[in-house]
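Reader: Before I use this model, I would like to go through the terms attached to it and hear, for each, what justifies the word.

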Amino acid sequence: MKKIAAGILVICLLLSVSGVFAASPERVIIVFHDSPDVNLVGQYGQVHKTFHLIPAVVATLPDQAMKALSKNPHVKYIQPDYVTQYVAPLQMSISAEPLAQVLPWGVDRIDAELAWSTSTGAGVKVAIVDTGIDRDHPDLVANIKGGFNAIAPRGRYKDPSDFDDDHGHGTHCAGIVAAVNNDIGVVGVAPDAWLYGVKVLSKSGTGQTSDCIEGIQWCADNGMDVISMSWGSSTYDQALNDACQAAWDAGCVLVSSAGNSGVETPDGYPSAYSSVMAISATDSSDNIASWSNYGDEIELGAPGVSVYSTYMGGEYATMSGTSMACPHVSGVAALVLAAHPAYSNQQVRQTLWNTAEDIGAPGWDIYFGYGLVDAQAAVV
Ligand code: CA
């Protein structure tokens, strides 16, 4: 179903994209059939980035150059470097640090704490591809093992190894996956998983397709087990789809938020791509959140309403959104991989489907997919 819908969209978009190139120079992604030809593109305009995850070059080109390049037999397609953005939380409040560690309701609801006698996600590499992670947050720092900044050198960021969070969204997602089990703050779904901050979104929470692809490429190059993506766009994006597929082919588990528009998808990409698990948001009574997207591509539901987690500046915050649902599933994927290190990404995905708690209509449905992700059942 998902693949057919995506295929139809590809055709529609290829048809529409051919007519949208502006006369003034535009930042585009040129995708080649085999290897990216930087010299060729450099003859026509300014080259910004080159990728190997997909054979592509990012460049600013005048309209005539795009017409010429699109006729080159080595060029597969050319598309705009779209703007994407974090899935804006519906509610956000910064709270005082609790006096003692609390078990957030979502971690409790999916029975993560009951899985910890079997698996705590130890050593599984989870990339939070987002706005970065607060590098010295006391409730995260023990689990932060590295990262990458795809938007450097820009803004305050000079160094691609500086993935510190200047927005807050990525730090919140990181805490849902793997806040440390200690005596402070909160505890995450997989409290011994290794966190990697991959910054692809700016201080305003926006990024371009090329930044997102570069982040995903870093994940594939650096052996990330799970890629957690709490952002998206309603624009179908062939290059991003191809990059996600390449990361899947490299063995990564990809998880993304379905979107907060309260509509039947597809309007949430990358979650709707076939290589990516699309996650809807539930509340503490197992209802779907009124603003959660739903539809054919939903694979699982997870807690997303009033989720308490870490926030930048060493703080804590409560947020609501499918952005918060997604990292609950990323955390459970880490629990499964620590319990079953030999599992392929497909086996992890299948395990999450097969062990989900069936809520809503019996069997798979458009609101919760296979059901509410169930950490305890998933690690058996
Ligand atoms: Ca803690």
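Author: Let us begin with the cysteines: a search of the whole structure, which is a predicted model, finds zero disulfides.

Reader: How do you know that Cys244 is in no disulfide?

Author: A disulfide requires two cysteine sulfur atoms within 2.5 Å, and the nearest cysteine sulfur to that of Cys244, belonging to Cys212, is 9.0 Å away; Cys244 therefore does not meet the criterion.

Reader: What makes Cys326 too far from the closest cysteine sulfur for a bond?

Author: The closest sulfur is that of Cys173, at 6.8 Å, and because the limit is 2.5 Å, the pair is not a disulfide.

Reader: Why is Cys244 called buried?

Author: Buried means under 20% relative accessible area, and Cys244 has 0%, so the word applies. Cys326 likewise has 0% and is buried.

Reader: Which residues are the protein donors of the calcium ion, and what makes them donors?

Author: They are Gln101 through OE1, Asp139 through OD, listed twice, Val180 through O, Asn182 through OD1, and Ile184 and Val186, each through O. For calcium the cut-off is 3.2 Å, and these atoms lie 2.3 to 2.9 Å from the ion, so they qualify as donors. Within this set, Gln101 and Asn182 link distant parts of the chain, being 81 residues apart, with Gln101 in the loop between β6 (91-95) and α4 (105-109) and Asn182 in the loop between α6 (169-178) and β9 (194-199).

Reader: Why are Gln101 and Asn182 called partly exposed?

Author: Partly exposed covers the range between 20% and 50%; Gln101 has a relative accessible area of 23% and Asn182 has 28%, so both fall in that class.

Reader: What makes β8 (144-149) and β15 (298-303) stand at the edges of the sheet?

Author: The open sheet has seven strands in the order β8-β9-β7-β11-β13-β14-β15, with parallel pairing. β8 and β15 each have a single partner strand, so one side of each is left without a neighbour in the sheet.

Reader: How do you know that strand β7 (residues 125-130) is joined to strand β11 (residues 226-229)?

Author: Pairing needs at least two bridges, and three bridges join β7 to β11, so the two count as paired. In one pairing, Ala127 has Ile227 of β11 as its bridge partner. Helix α6 packs on the sheet, touching β7 and β9, and its direction makes about 155° with that of β7.

Technical notes
Residues numbered from 1 in each chain as written. Predicted model: local features only at pLDDT ≥ 70, side-chain atom pairs only at ≥ 80, totals over all residues. Heavy atoms only, no water. Donors = N, O, S within 2.8 Å, 3.2 Å for Na, K, Ca; no water. Helix = DSSP H or I, 4+ residues; strand = E, 2+ residues; numbered from the N terminus. Buried < 20%, exposed > 50% of the residue type's maximum accessible area, 1.4 Å probe, protein only. Contact = heavy atoms within 4.5 Å. Axes fitted to C-alpha atoms, helices over the stretch in contact; angles between N-to-C directions.
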